[in-house]
Every structure is written in C-alpha cells, then in structure tokens.
Amino acid sequence: KNPGEDPPVSFLGFDMQYPGLAIQNVLDYLLTVDPVAAAQASTDYACLLAFANGPQGFTGMETRYENQPQSYRDACAYDLHAVHDALLARQEEYEAAASAEEFALAERSARVAFQFEDMKSGRTQGARDYYMAENAEWLLDQAGPDAKMVLWAHNGHVADNPNYGESASMGYYLRQRYQQDLVIAGFDFFQGGFRAVTYVRYNVYGGVENHTVGPPLPQSYEDYFHSSGMERMVLDLRGVGFGTTSTSWLTGPRLMRSIGSVFSPTNPDSYFYEVSVPARYDWIIFFDSTSAAVGLPFRYPESW
C-alpha cells in the first residue's frame, strides 16, 4: 500500500491453486485467538499440508493430491469443512478477541483451502474459474463500496464465456454479478516475445522461459489489427454497430491467438482458437510487437 493522502493501492491474489499460505493464515490466526482450536485445525489440515506449497516455494506435491484414493480425499474434505465451520461457529467470540478484518481473512483462507480440495477432486465442474470469481468478489467487498479493482488474468479466464472448459469462465460469473460496471479487456499482439512454461511432451515440462512467435495466421484478428498500421491501440467495442462493411469483420468468429502459462515452441499455430471478440470482451488492447517480461526472483521465505 502506498502512504500519503492518495487512496491506498493493494496487490492481492485470488487464485486457489496453491493452498499453503491460506492454511498458514488460519493456523496463525487461531494461535492468537484460540490455541486449542489451532491444535485441532492443525490435525484437520494435515491431510492437505502434505500436498501444499510451503515457505521455501512449491513442493512439487501440489499436483498429486488428486491422485490420492477417493476415501482419502473425502475424509480430507470433511476435515477442511470442519475447520471452516468451527471458525464460523465462534465468529462473535473471535472478532471480539481480535478484529472483524482479521476474522474475515482467516475465514476466507479456510474457504480457499477447501476450494483447492474441491478443484483437485473434481467435485465442482469448472471449479477454478467459479472460485476465482468468488474470491475476486470477496476482495472487492472487503475494500468497501467506493473501491475499484483491476483484475489481471489470461484472456480465457477474463472473457465473458458461458462455455469455458467444463463450465463457464471467471469473466462470465463476474459479468453476472457486476453487469455493465465491469469492463473486460482482452490482450492481443501481432508478434514478439513472452514468458511461459515450455511444453516438451505429454506430462513433461521445462521451466519458465522466454519464447518468441512470428506473424499470426492469415485472416486472424491479429492479422486485421496489424493492418491498421498502429503500433498499439485500445479498441472499445461497446456501442459499435457491426452492420457496416468496415465493422462486420469484427464479429467473426475468426482465429485469435491464445497462449496461456504453457507454450510449445514446436507447435505455435496450435494456439489459435475461433472466437467472436465482441461477444467476449468490451475492449481489445493490442500491441503490434511485444518483448518478454522480466521475471523477478522468488525470495523465500520472506515472500511467503
């Protein structure tokens, strides 16, 4: 947060793919307000802590929880919900012992723990996007009625898409909640560099590396945007009439590049998908040429 007279700016996470810090938040909080409950919560969380990231970084076990027997995961889910239910049962007492804000963080952290379990066990279709939307809404609610949020995620997650993966996209759920108070921006580029995990072969990945792609496929959105001759632009699609010769091409559907956290440098054309941009985004932010981001070092445990 920045000091001074300007409104505070916070940088916060909302994903649930790594539950280690969420679990630690709950345990640290309970040690302050109820050490006996903290001991019980530590026992209940043991089933998930074996697969959670820790202060020294990712353990490599996070992806293995889903491979545990159904009976193990069912028992673990029960224990995770027990911690959350116990928190809620003593909310008034705990808030009096500390503060409403501290309780809210502990309660949300407990919820993130079983969001992870739910996602890995496949109990809820499209759980990740559903829960990311839920957590983003919670963060904005905590910030107060006058707060604003800029939410950064992959185009696929932010898009207003009722048919994304196994269910719907995060952007779809957020649109249902915020309607036109939400502006969805998709990012696009013609060619250049970026950072992504390298796909080697099935179930084998390299590290996070710099990659480069050349010009896109013909007749793709990127091809059209490039033809404008603009190095960068923001295209506001709201209120545009698409019935003219100069605008009808925008409705598509046509190919658009979509590169996520993983990229196969030997198969760059596989990262194009058909989409109608006005149906998914309010804005398109386009760069004709990009360069890879500069990765910051992980500094554990102080970044924990």
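Author: Helices (H or I, at least four residues) and strands (E, at least two) are DSSP runs, numbered from the N terminus. This is a predicted model, in which local features need pLDDT of at least 70 and side-chain atom pairs count only at pLDDT 80 or more, while totals for chains, interfaces and linings use all residues. Residues are numbered from 1 along each chain as its sequence is written, and side-chain values use heavy atoms, with hydrogens and water left out.

Reader: How many aromatic pairs does a search of the whole structure find?

Author: Rings of Phe, Tyr and Trp (its six-membered ring) pair if their centres lie within 6.5 Å; planes under 30 degrees apart are stacked, over 60 edge-to-face, and the rest tilted. Searching the whole structure gives a count of 19.

Reader: Tyrosine 29 and phenylalanine 103 form one such pair; what is the angle between the planes?

Author: The pair is edge-to-face, with 6.4 Å centre to centre and planes at 70 degrees.
Tyrosine 29 belongs to helix 1 (residues 20-33) and phenylalanine 103 to helix 5 (residues 100-121), so the pair ties together parts 74 residues apart in sequence. The angle asked for is 70 degrees.

Reader: Which strand holds phenylalanine 263, the partner of phenylalanine 194?

Author: These two phenylalanines, 194 and 263, make an edge-to-face pair, 5.1 Å centre to centre with 85 degrees between the planes. The pair links distant parts of the chain, 69 residues apart: phenylalanine 194 is in strand 1 (residues 185-201), and phenylalanine 263 (residues 262-263) is in strand 5.

Reader: Is phenylalanine 194 buried or exposed?

Author: Buried means under 20% relative accessible area, exposed over 50%, and partly exposed in between (1.4 Å probe, protein chains only). Phenylalanine 194 and phenylalanine 263 are both buried.

Reader: How far from the ring centre of phenylalanine 189 is the charged end of arginine 257?

Author: A charge sits over a ring if NZ of Lys or CZ of Arg is within 6 Å of the ring centre and within 35 degrees of the ring normal. The charged end of arginine 257 sits over the ring of phenylalanine 189, and its distance from the centre is 5.0 Å.

Reader: Asparagine 53 is in a loop; between which helices?

Author: At 11% relative accessibility, asparagine 53 counts as buried. A polar atom of its side chain lies 2.8 Å from the backbone nitrogen of glycine 20. The loop that holds asparagine 53 runs between helix 2 (35-49) and helix 3 (70-89).

How values were computed
Polar contact = N/O pair within 3.5 Å; in protein donor to acceptor, adjacent residues only side chain to side chain.
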